[in-house]
Amino acid sequence: MNIELRKLTLEDYADLKESMLQAYDSMGGSIWPKSSIAKLINIFPEGQLCIAVDDKVVACSLAIIVEYDEYGDRHTYKLITGDYSFTTHDPNGDTLYGIEIFVHPEYRGLRLGRRLYEARKELCESLNLKSIIAGGRIPGYHQYAEKLSPRQYIDKVKAKEIYDPTLTFQISNDFHVRKVLKNYLPGDKESKEYATLIEWNNIYYQGIDASARSAMTIRLGLVQWEMRLFPNMEAFYEQVEFFVDALSGYKSDFVMFPELFNTPLLQPYNHLPEIEAMRKLAEKTGEIVQKMHEYSLSYNTNIITGSMPLIEDGKLYNATYLCHRTGKIDEYRKIHITPNEQKYYGMIGGDKVQVFDTDCGKVGILICYDVEFPELSRIYAEQGMQILFVPFLTDTQNGYTRVRHCAQARAIENECYVAIAGCVGNLPKVNNMDIQFAQSAVFTPSDFAFPTNAIKAEATPNTEMVLVVDVDLHLLDELHHYGTVKVLKDRRKDLYQVKLLK
C-alpha cells in the first residue's frame, strides 16, 4: 500500500467525488461541484490537500485564509465562504479557515485524518497565520438531543463520557471549542444544525511587524513623455533608457511609459496614408519590446512599455507589455478601440482580460479608452488587482478629463490604486499626432487613510517630467475590511453581476 499526502489537483476530481459520496452518505451524498474545487485550487492551491492511497484520492481537506475579526464568532458557513463563492479568501488574512475535511469510510482505520490535520498545522505555521479555525459537525448529537443541550453534549465528549466521531477526533488533535454555533450548516440533521467553532493556536505566530508592513509599500515611477522627433532609433532608445535609469535610481518598482509614446518614429513615413504608416511603425515593436526587456533586467525594475502598434495575422492591435524584472514578459492588447483608431489606422480590439502577478502584488493594465468602461476594472478587482496602470494618449483637455475622472472612479469603486501616464508636446510633422494634453497622476480610494482629494500625486500639466509615488498595499487591506464604506463587499450580487464571457 502506498500513501501519499499532496496538493489536490483538478485531475483528482473523479476520485474526490466518489470519496465524498461515500463519506457523506448519511447527509444525502452531498458533494462539492467541480467548479468550486477548481476555484479553490486557483485562489489558494497550498490550502487544498488530499491523500492518495495507491494513487486513488480517499481523503481531502479544503481551506481558505480569512481576516477573522471581520466575521467574528457568530458567523455561518454560508457567510464565511462568501455564499460558497470563496470571495472571502484573503491572502493577507490572519486565520486559516477549514471549510472541509473528510475520509472515505473504507480508509478510516489508517489515521489519514490525523495526517491532514498535521499538514494543516504545518501550513498555518509556514504562512505565519495566527490560528486554524473551523466549524465542526457533531454528528453524534442527534442520539442525545432530547436529553442534553449542545453544550452539555460537548462537555461530555470532552470528558470522554461520550464518543463523537468528529469532535472526539478534533479534541485529540489539540483543537479546543471556542463556541457553539446554531444554524451553521443547514440540512445537517445528525448535528441538529449545531456545530462547534473549533480553534488551534499557532504558538509560533509572530504577528505583522513594521518591516512586514513596509514591504507592502510599492514605488511607482511614471514617465510624462514629451513628443519629439528622433533622428534615429539610437536617439529614441537613449531617451527611453534615460528615464528608466533615473527612475530605477529612485528604486522604483515599476516604470510606466504612455500610450503610443513611440509615434514620433512615424515621421519617416509621413508621406504614406496613416494606416500604412502605422503598420510600418508596428514593424519596430518587437525590437523595442526586447530593448525594454533588457532595461527591466539591467535596471532591476518592472517596465510597462507604454503601448505600441502590433501586427498579428494581418490585424493591427494597440498593445502594451509588462517586462518583469524577473525576466518574464506579459502582453495586454487594448480592448476598446476609439473611433479615430479605427478610422485612421484600422485597429481592432484585443479580447484577453486578466491581472498579472508581479513581485509587487497583482496589477492590471488598461490602455486609455479602456478605463472608461468600468466592467473591465471590476473584473480585475474580482481577480485581486491592487494597482491599475493606465498608459494614455489624449490630444485635447476634453479627452484627458474623460480619462482622469474615469480613472479616479475606478480607484474608488474597486478599492485600488490607479496610475495614469500620458504624452505631452507637439508633433507637427506627424499626421494625426500633432498635439497632446496630459497630466499624469496616481489616484487612491477615498477614505481617512488616503488623501482627502483621493489624489496621491500628480504631475505638472503638459510638462515633460517623472512622477515618483509610494503606495501602501496594506492600506487597501485595511480599507477592504474596516473602511467607512466597503464598496466591493456591499455589492448586491443577488441583484446584478459582471461576468467575463470568454
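A residue counts as buried when its relative accessible area is under 20%. The legends below describe a predicted model.

**View 1. Cys50 and its surroundings.** Cys50 has a relative accessible area of 0%, so this residue is buried. Across the strand pairing, Cys50 of strand 2 is the bridge partner of Arg6. Strand 2 covers residues 49-53 and pairs with strand 1 in the antiparallel sense, over five bridges.

**View 2. The open sheet.** Seven strands make up this sheet, in the order 1-2-3-4-5-7-6, and their pairing is mixed. Strand 1 (3-7) and strand 6 (176-182) stand at the edges; each has a single partner strand, so one side of each lacks a neighbour in the sheet. On average, neighbouring strands are turned by 25° against each other, direction ignored.

**View 3. Helix 5 on the sheet.** Helix 5, residues 150-158, lies across strand 6 and strand 7 (194-201). Relative to strand 6, the helix runs at about 155°.

**View 4. Cysteines without disulfides.** The structure holds zero disulfides. For Cys50, the nearest cysteine sulfur belongs to Cys60 and is 6.6 Å away. For Cys406, the nearest cysteine sulfur is that of Cys368, 10 Å away.

**View 5. Leu220 in the largest nonpolar core.** This core has 55 residues, and Leu220, Phe254, Tyr332, Phe389 and Ile420 are those with the most contacts inside it. Leaving aside residues up to four places away in sequence, Leu220 touches ten residues' worth of neighbours listed here in full: Ser252, Phe254, Ile387, Phe389, Ala419, Val442, Leu467, Val468, Val469 and Val471. A second, separate core of 42 residues includes Trp225, Val244, Ala319 and Cys423.

Conventions. Residues numbered from 1 in each chain as written. Predicted model: local features only at pLDDT ≥ 70, side-chain atom pairs only at ≥ 80, totals over all residues. Heavy atoms only, no water. Core = buried A, V, L, I, M, F, W, Y, C linked by side-chain atoms within 4.5 Å. Buried < 20%, exposed > 50% of the residue type's maximum accessible area, 1.4 Å probe, protein only. Contact = heavy atoms within 4.5 Å. Pairing = 2+ DSSP bridges. Helix = DSSP H or I, 4+ residues; strand = E, 2+ residues; numbered from the N terminus. Axes fitted to C-alpha atoms, helices over the stretch in contact; angles between N-to-C directions. Disulfide = S-S within 2.5 Å.
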